[in-house]
Amino acid sequence: MQQQQQQFLPDGDLAYTVLADLKRVTREYATAATESSCPVVRQQFTQLLNTSLAMQGELFTAMSQQQMYNTASPVIRQEIDKQMKQYQQTQQKTNQFVQQRKSTANPPSPQSYGGWAYQPAPQWQQQNNPQQPHSYM
Amino acid sequence: MNMQPLTAKELEYIADSMSNEDLLIKQCTAAALSCTNLQIQQVLMHQSQVHMQQYQTLLNCLQQHQGIAPTQPSS
């Protein structure tokens, strides 16, 4: 500490101001990319996003190697368990929902169904009623 | 990829991004110079160069679109 004159900010704070801005800029590039209609501009923003993300990661790594960043403490296993169980249930329900909707929906032409073995054949005959409007699905 | 004329939104994002990159160039340079930690200094010095490149990229993007921009507002 003695060779340096009065420092403007501690090293950690200096690095952090840059890191915080990199985080903000990364988000802005992501938004800009999603809001672009010109494919060239979109690709440009995507590339800038990737580079900014890489720089943010690089600075973060350097800061944690220099003990300038204390990472949050890890969660206990039960917390992960809780979330995992809950979201496995959600996933199951959503899968059921999707299957249900798919089987009751106006069935598309049999060719487009491809490998869907779930579609029951009898329903098909009913839907082939000539009075039914043609399905464009 | 076919290039389309810039929309007002895209132009705003490009301009804002250049402001951001400009700030980061200065920030990285100033921070690197007053930083005593060598590893951090090295990273910041390198990154200020990258931000200069990013700034140039954005500027080039504007230039590319200048040619195909309409000269009158369309209804």
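A polar contact is a pair of N or O atoms within 3.5 Å; within protein, one must be able to donate a hydrogen and the other to accept it, and residues adjacent in sequence count only if both atoms are side-chain atoms. This is a predicted model, in which local features need pLDDT of at least 70 and side-chain atom pairs count only at pLDDT 80 or more, while totals for chains, interfaces and linings use all residues. Residues are numbered from 1 along each chain, chains are lettered from A, and side-chain values use heavy atoms, without hydrogens and water.

Q: How many residue pairs meet the polar contact rule across the interface of chain A and chain B?
A: The rule finds 15 such pairs, both residues at pLDDT 80 or more.

Q: What makes B:K9 and A:E35 a salt bridge?
A: The term requires a side-chain nitrogen of Lys or Arg within 4 Å of a carboxyl oxygen of Asp or Glu. The N to O distance here is 2.6 Å, so the pair qualifies. Across this interface the rule finds one salt bridge.

Q: What is the area buried between chain A and chain B?
A: It is about 3200 Å², with 61% from carbon and sulfur atoms. Buried area is the accessible area (1.4 Å probe) that two parts lose on being put together, summed over both. The contact (heavy atoms within 4.5 Å) takes 36 residues from chain A and 36 residues from chain B.

Q: Why is A:L22 called buried?
A: Buried means under 20% relative accessible area (1.4 Å probe, protein chains only), and A:L22 is among the residues of α1(A) in that class. The cover over the buried residues of α1(A) includes α2 of chain A and, from chain B, α1 (8-34) and α2 (38-66).

Technical notes
Buried means under 20% relative accessible area, exposed over 50%, partly exposed in between (1.4 Å probe, protein chains only). Helices (H or I, at least four residues) and strands (E, at least two) are DSSP runs, numbered from the N terminus.
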